[in-house]
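Biologist: Could you walk me through this model step by step? I am new to reading structures, so please keep it friendly.

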Amino acid sequence: MGLISLIWGIVSMIWMILALIPLLGWGNWFLIPFAAVGAIIAAIGILFTSPANRGRAKTGLVLNGIVIVVGIVRLSLGGGVI
């Protein structure tokens, strides 16, 4: 689960960088739920993984959390459209 959430977080970050380009902000509407699913996968990975092996899941949770926050801020700055 940790590896899946980490890869999910990396894909979300790449998508976020593309959505920061002007006139591509509408991609944030799809990005936020995508990253939320990745955060849920990471949380499940943290719950069911031994404490010594939680690094990837924690990293995936942080990456997806950053993407969600940046996506929400970007949508609020652009009025939800741009």
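Here are some questions and answers about this predicted model.

Biologist: What is the mean pLDDT of the protein chain?
Modeller: Good place to start, since pLDDT is the predictor's confidence in each residue, from 0 to 100. In this chain, 98% of the residues reach 70 or more. The mean pLDDT of the chain is 90.

Biologist: Which element has the highest mean pLDDT?
Modeller: Let's begin at the other end of the ranking: helix 1 has the lowest mean, at 92. The highest mean, 94, belongs to helix 2.

Biologist: How far apart are the end C-alpha atoms of helix 2, and what span should its residues give?
Modeller: Helix 2 has 21 residues, and at 1.5 Å a residue they should span 30 Å, because the expected span uses one less than the number of residues. The end C-alpha atoms agree with that, as they are 30 Å apart.

Biologist: Is Asn28 buried or exposed?
Modeller: Asn28 is found in helix 2. Leaving aside neighbours within four places in sequence, Asn28 is in contact with Ala19, Gly71, Arg74 and Leu75. Its relative accessible area is 1%, and the cut-off is under 20%, so Asn28 is buried.

Biologist: What covers the buried residues of helix 2?
Modeller: The buried residues of this helix include Asn28, Leu31, Ile32 and Ala35. Leu31, for one, touches Ser12, Trp15, Met16 and Val67, not counting residues up to four places away in sequence. The cover over the buried residues of helix 2 includes helix 1 and helix 3.

Biologist: Which residues make up the largest nonpolar core?
Modeller: This core has 7 residues. Helix 2 (28-48) and helix 3 (55-77) each supply at least two of them. The full list is Met16, Leu31, Ile32, Ala35, Val67, Ile68 and Leu75.

Biologist: How does Lys58 count in terms of accessibility, and how far in space is Lys58 from Gly71?
Modeller: Lys58 has its place in helix 3. With 47% relative accessibility, between the cut-offs of 20% and 50%, Lys58 therefore counts as partly exposed. Lys58 and Gly71 are 13 residues apart in sequence, and their C-alpha atoms are 20 Å apart in space.

Biologist: Which residue has a positive phi although it is not a glycine?
Modeller: Look in the loop between helix 1 and helix 2. The residue there has a relative accessible area of 68%, over the 50% cut-off, so it is exposed. Its phi is about 70°, and its name is Leu23.

Methods
Residues are numbered from 1 along each chain as its sequence is written. This is a predicted model: local features need pLDDT of at least 70, side-chain atom pairs count only at pLDDT 80 or more; totals for chains, interfaces and linings use all residues. Side-chain values use heavy atoms; hydrogens and water are left out. A nonpolar core is a set of buried Ala, Val, Leu, Ile, Met, Phe, Trp, Tyr and Cys residues joined through side-chain atoms within 4.5 Å. Buried means under 20% relative accessible area, exposed over 50%, partly exposed in between (1.4 Å probe, protein chains only). Helices (H or I, at least four residues) and strands (E, at least two) are DSSP runs, numbered from the N terminus. Contact means heavy atoms within 4.5 Å.
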